[in-house]
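Visitor: I'd like to learn how to read a fold like this one, feature by feature. Could you walk me through it?

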Amino acid sequence: MNRSMRLAAAVLLAVATQAAAEVPEPAMERLVLADGDSGSKWHAAEAAMEPDSEHARRGRAMRFHVDVDHFGGEAAYPIGWPRTHMPVPKEGQDWSQWDFLEFWVYSETSRDNLPKTPLSLIVRSPDRQQSFHAPLSELEKGQWTHFRFPIARMPDPTRCTAVQYSIAEADYAHGDVLDFWIDDLALLRYAEPTLLSIRPQRQVIYADAATLRVEVELTGLDEGATAEVDVALRRGDQAVASTTATLPAGVGGGVLPLNASEPGSYEVQANVAGSRRVLAAPVRVITSPWKVKP
């Protein structure tokens, strides 16, 4: 199972995860696919896409310009889909070893406000059914908006042939003028072993339970490599049980050996050995119905 497939399995988990304390973000590797200075080649239909420095986080961004026209465009679809796309070179189409696709968008328009879906993203695959679609609904006029999509959400991250941005003219009025500055389009992945989630097998356990299995999602490892993950059941500052599991990337787990625990609220915590990045999930201990009364 490749890295992206393992991460995709983790998306199905119902994860209740929060960092226990504010710690620095893990180191990330970054591969820029496009900005206004990268020399990326874009093809536009019923629109224009050119490098521009008016709104850029640094250097130049790519400006996607659309004059909404409900009477022009393609003859069969006069109210159509102005769009722009960047082909991905064949040698760079396998994104399965990356964790995220990231970019920023700055929006300007002649309208007072943007519609519900002002712009859409498509990551094309040869099989259209395997392409990834995402509405960029968070965009706001006159602001930069940051987007980061897990590669695990893409149906086929091994064949990403193009990145496309488009609008639906039906969402706009004839004569609307739109400008979207797209900057720092890049692939990201964790450069060191990193925990993404933690999930105890049970969130309510009896006080006389002998064990508790805890699942974690681990990334930032080369294929075949492993990392040690420390897992503990804590009540306040006290660790009442702990174990260390040696795990590969993906979803795995360890078994906490438990002694008799007092009823109350606890927390399962996990971290890569030596890392200050701690993930936690709540666990409640209740009195066993099978406890023998004296």
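Visitor: Let's take strand 16 and strand 17. In which sense do they pair, and over how many bridges?

Guide: The general idea comes before the case: strands of a sheet pair through backbone hydrogen bonds, and that can be parallel or antiparallel. In this predicted model, strand 16 (residues 226-235) and strand 17 (residues 238-248) are antiparallel, with 10 bridges between them. To get your bearings, pick Ala232, whose bridge partner in strand 17 is Ser242.

Visitor: And which residue takes a positive phi in that hairpin?

Guide: Gly236 does, with phi near 65°; the hairpin has 2 residues between the strands.

Visitor: How do I read a whole sheet? What is the strand order in the one with 5 strands?

Guide: Walk across it from one side to the other: the order is 3-6-11-8-9, the sheet is open, and the pairing is antiparallel. Strand 3 (43-45) and strand 9 (132-135) each have a single partner strand, so each has one side without a neighbour in the sheet. Ignoring direction, neighbouring strands here are turned by 15° against each other on average.

Visitor: Where should I look inside that sheet for a good register marker?

Guide: Try strand 6 (residues 83-87) and strand 11 (residues 162-166), an antiparallel pair joined by 5 bridges. His85 stands opposite Gln164 of strand 11. When you follow the side chains, remember that in a regular strand they alternate between the two faces of the sheet.

Visitor: Gln164, got it. Which residues line the largest pocket?

Guide: You've just met one of them: Gln164 is in the lining, along with Ile122, Arg124, Ser125, Arg128, Ser131 and His133. By class that gives 1 nonpolar, 4 polar and 2 charged residues. The space in this pocket comes to about 190 Å³.

Visitor: What about the sheet with 3 strands: what is its order?

Guide: Its order is 13-15-18, again an open sheet with antiparallel pairing. The edges are strand 13 (194-200) and strand 18 (250-257), each pairing on one side only. From one strand to the next, the twist averages 25°. Strand 13 meets strand 15 (residues 211-219) over 6 antiparallel bridges, and Ile198 stands opposite Val216 of strand 15.

Visitor: Loops puzzle me more. Where does Ser53 sit?

Guide: Ser53 is in the loop between strand 4 (48-52) and strand 5 (61-67). Leaving out residues up to four places away in sequence, Ser53 touches Gly59 and Arg60. You can also compare sequence with space: Ser53 and Asp37 are 16 residues apart along the chain, and their C-alpha atoms are 9.9 Å apart.

Visitor: Last one: over which residues does pLDDT stay under 50?

Guide: Over residues 1-21, for which the model has 48 contacts beyond four places in sequence. For the protein, the mean pLDDT is 89, and 90% of the residues reach 70 or more.

How values were computed. Residues are numbered from 1 along each chain as its sequence is written. This is a predicted model: local features need pLDDT of at least 70, side-chain atom pairs count only at pLDDT 80 or more; totals for chains, interfaces and linings use all residues. Side-chain values use heavy atoms; hydrogens and water are left out. Two strands pair if DSSP finds at least two bridges between them. Helices (H or I, at least four residues) and strands (E, at least two) are DSSP runs, numbered from the N terminus. Axes are lines fitted to C-alpha atoms, for helices over the stretch in contact, and angles run from 0 to 180 degrees between N-to-C directions. On a 1 Å grid over the protein atoms alone, a cavity is a set of points where a 1.4 Å probe fits but cannot get out, and a pocket is an open set with protein on both sides within 12 Å along at least five of seven lines; lining residues have an atom within 4 Å of a point. Grid points are joined across faces, edges and corners, and a volume is the space filled by probe spheres set on the points. Ala, Val, Leu, Ile, Met, Phe, Trp, Tyr, Cys and Pro count as nonpolar, Asp, Glu, Lys and Arg as charged, and the others, Gly among them, as polar. pLDDT is the predictor's confidence in each residue, from 0 to 100. Contact means heavy atoms within 4.5 Å.
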